[in-house]
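Colleague: I should like to learn how to read the internal spaces and the strands of a model. Please take me through them in turn.

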Amino acid sequence: MSQKGLDIVAVIKEQIESFGAELAVTDVGTVIEVGDGIARIHGLASAEYNELLEFPGGVMGIAMNLEEDSVAAILLGEDTLIKEGDEVRRTNRIVEVPVGPEMIGRVVNPLGQPIDGKGPLKTSAKRAVERVAPNVVTRQGVDTPVQTGIKAIDAMIPVGRGQRELIIGDRSTGKTAVAIDTIINQRGGDLICIYVAIGQKTSKIAQTVATLEKYGAMEHTIVVAASASDPAAFQYLAPFAGCAMGEEFMDNGKEALIVYDDLTKHAWAYRQLSLLLKRPPGREAYPGDVFYLHSRLLERAAKLHKSHGGGSLTALPIIETQAQDVSAYIPTNVISITDGQIYLEPDLFNAGIRPALNVGISVSRVGSAAQTKAIKKVAGRLKLEMSQYQALAAFAQFGTSELDKATRAQIDRGQRITEVLKQLQYQPVAMENQVIIFYALLNGFLDDVPVSSAARFETDMYQFLAANFPDIAKTIAAKKEFTSDTEAALKNALTEFKKSFVA
């Protein structure tokens, strides 16, 4: 045999010796029923809860019901592409989303895929959408404010970093406006914002994104969108995906704020999925674990102890009520989970008082611990004065001629407070300016100003102080305190301004 022939034989021998078929073991199942965004699968005995499953045509699903002889999965795509008898494969991956600072400024779907047409994401980090909330030992008390820029909230119902403050009210009372204003007010700050839109019209989501871009807020914001036209599975997943993105910042020692708009539609999506999965219905046809659905989501908002990085995640869930019924199932559930609520009332909204904040029902269970020393000192008695005014205003409508001088003075003061607390949308007020106007308000500088001129008094006062006494606002902003020296300087400046102000 020639040398060439020997070489070929040697190569064949070597290949035979090194031959070994690599076996890839994959757990597969068969679709036995499909429709309404749900697939029931026979097999997949070792599938895990919340595991991603791969269907033909690139459609993914999430294993939700793990039963003795079958698995029920919710589909993240068109169920028309799947038919009975199709093969389903396990991926051995729990549902996860991309996370990291590269997400900022982007609009993504609940799987973290970009839907804003700005190209692919440049992040490789991923996180499971579901995670156990931080325990008591890793947390610390809420003591740093989230400046919303809304005077009524910062003064009377302060929100702290790591808090869960519910925004609740009927349809079209300005709930989203409060959340969007809070996001806009974080421009130039250290708070990264995540806005989760659940079950809203696509046009409304696009409008919100355009507003955030117009006011320069997309530079620190991630938008997670699951519109009304998306499958119920996407709407169910959206808040958990947004929360995972926020936790990435919190665990790296940064501060984040997440808005869930809104959890009423989230509960509807979960009810729809649960009924299709044949889970037993409870009150109002919601499944028995709908409380756990929201509690395990909202408990993930926390202020971490310095030994665990000191980051925070603040949650602003939104709930829509029907006919002002806060005692319905979902509103009472979420009220009991959160650390207070901002209640917006249709009657106040229709009367032109915006934000339409009902001071009596609204509360922050963190209280003044989440306020700067300056606001705490100046606006400490504002909520009390406002509550007393609202109680007296009911009597005042019968005529003020019978009222004594002190009561009349209190009603006059209350009217001016109400006027000053009115605020236009997308116009957040800086903390130092809030301190100045509340000081002027509660120390009698507006008592002789007609109610109709109160708003003009405020804007003119800011301009006058910025032009003639700029150090006052700068000192308050830098120190976040209201010292006796600052008070004396402000008193002189306000006295000077009153001489030139013509009502």
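Colleague: How many cavities of 30 Å³ or more does a search of the whole structure find?

Modeller: On a 1 Å grid over the protein atoms alone, a cavity is a set of points where a 1.4 Å probe fits but cannot get out. Grid points are joined across faces, edges and corners, and a volume is the space filled by probe spheres set on the points. Here the search finds one cavity of 30 Å³ or more, and the volume is about 40 Å³. This is a predicted model, in which local features need pLDDT of at least 70 and side-chain atom pairs count only at pLDDT 80 or more, while totals for chains, interfaces and linings use all residues. Residues are numbered from 1 along each chain as its sequence is written, and side-chain values use heavy atoms, with hydrogens and water left out.

Colleague: Which residues line the largest cavity?

Modeller: Lining residues have an atom within 4 Å of a point. For the largest cavity they include P145, V146, D154 and I375. Ala, Val, Leu, Ile, Met, Phe, Trp, Tyr, Cys and Pro count as nonpolar, Asp, Glu, Lys and Arg as charged, and the others, Gly among them, as polar. By that scheme the lining has six nonpolar, three polar and one charged residues.

Colleague: What is the volume of the largest pocket?

Modeller: A pocket is an open set of points with protein on both sides within 12 Å along at least five of seven lines. The largest pocket has a volume of about 1200 Å³. Of its 45 lining residues, G174, T176, A177, V178 and Q425 are the closest to the centre. Helices (H or I, at least four residues) and strands (E, at least two) are DSSP runs, numbered from the N terminus. Helix α3 gives the most to this lining, with six residues.

Colleague: Is strand β11 mostly covered or mostly open, and which strands pair with β11?

Modeller: Buried means under 20% relative accessible area, exposed over 50%, and partly exposed in between (1.4 Å probe, protein chains only). In β11, residues 191-198, eight of eight residues are buried. Two strands pair if DSSP finds at least two bridges between them. Strand β11 runs parallel to β13, with seven bridges, and pairs in the parallel sense with β12 over six bridges. From β11 the chain passes through helix α4 to β12 in a right-handed β-α-β crossover. Right-handed means that, with the strands pointing away from the viewer, the path from the first strand over the helix to the second runs clockwise.
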